[in-house]
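Please load the model in your viewer and keep the selection panel at hand. The tour goes from one part of the chain to the next, with a stop at each selection.

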Amino acid sequence: MTLCVGLTGGIGCGKSTVADLFAKLGAGIIDTDEISHRLTQAEGAAIPAIRAAFGDEYIKDDGALDRDKMRGLVFSDTAAKKRLELILHPLILEQAKIQLQQLKANPYVIVVVPLLTVSPEFQRLAKRILVVDCTEDSQVDRVVERSRMNEAEVRAVITRQTPRAERLRLADDVIHNDAGMDSLAAQVAALHERYLKGD
Ligand SMILES: Nc1ncnc2c1ncn2[C@@H]1O[C@H](COP(=O)(O)OP(=O)(O)O)[C@@H](O)[C@H]1O
Ligand SMILES: [Mg+2]
């Protein structure tokens, strides 16, 4: 069986950056955010269930999920958030398993799962959990730099995510991402060697 490594971390910690570095070394990459995005595009597999559960007003004219509107709803309404997750998560897991089969030729596969800490199913799928860790200040700086969010908005998101210490407790491997790209690449290269050996 191909080694499957679950990669997680808070917003802006560097999950996508780390996944790109692993990809350059030849790892297979599965991105659950991308799967989720595809499921909720026009004619995506999750659209009928979302329409049935939330109503036409959450689906745009082109048939895709109205992301801004849904984000607004689930931010304030935990029951709605749960309902959306019950639709999306099984579909994401199913797609991830399909992709894992397709990536069998790769020496190992990195599955990027932002919600890994709260997903027992993905924890079972992954043989190891790799956490990309950095300080909250680094998270804020990076996300403000790359997006339209301001500091208060980023801190609000961080507050709603699994606390840093709890994430680290689940980790088999940790990448520290408070220094520059060189340090990041060196840590990825070291883990790559280990994952090639299958452990
Ligand atoms: N070590 C680093 N040095 C400089 N910029 C970084 C570093 N790690 C991440 N970044 C930048 O920070 C931002 C957030 O990183 P990203 O990988 O998108 O985080 P995530 O996927 O966890 O939300 C991106 O713009 C990325 O280019
Ligand atoms: Mg990302």
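Begin where the two domains of this predicted model meet: eight residues of domain 1 are in contact there with six residues of domain 2. To see the elements behind the domain 1 side of this meeting place, select β3 (108-112) and α6 (120-125), each of which supplies at least two of the residues that touch domain 2. Of these, colour α6 separately, since with three residues this helix gives the largest share of that side of domain 1. If you then colour the residues on the domain 1 side by class, you should find five nonpolar, two polar and one charged.

Next, step back and select the domains themselves, for which the assignment gives 1-27 together with 107-199 as domain 1, and 34-105 as domain 2. A distance drawn between the two centres, taken over C-alpha atoms, comes to 22 Å.

Now move to ligand 1 and display the residues around it, which number 14, with Gly14, Lys15, Ser16, Thr17 and Arg142 as the closest. Three helices, α1 (15-24), α7 (136-146) and α10 (181-196), are the elements that each give two or more residues to this shell. Which helix should be highlighted as the source of the largest share of the shell around ligand 1? That is α1, from which three residues come. As a last selection, colour the shell around ligand 1 by class, where seven polar residues appear alongside four nonpolar and three charged ones.

Notes: Residues numbered from 1 in each chain as written. Chains lettered and ligands numbered in written order. Predicted model: local features only at pLDDT ≥ 70, side-chain atom pairs only at ≥ 80, totals over all residues. Domains from an automatic or database assignment. Contact = placed C-beta atoms within 7 Å. Helix = DSSP H or I, 4+ residues; strand = E, 2+ residues; numbered from the N terminus. Nonpolar A, V, L, I, M, F, W, Y, C, P; charged D, E, K, R; others polar. Near = placed C-beta within 6 Å.
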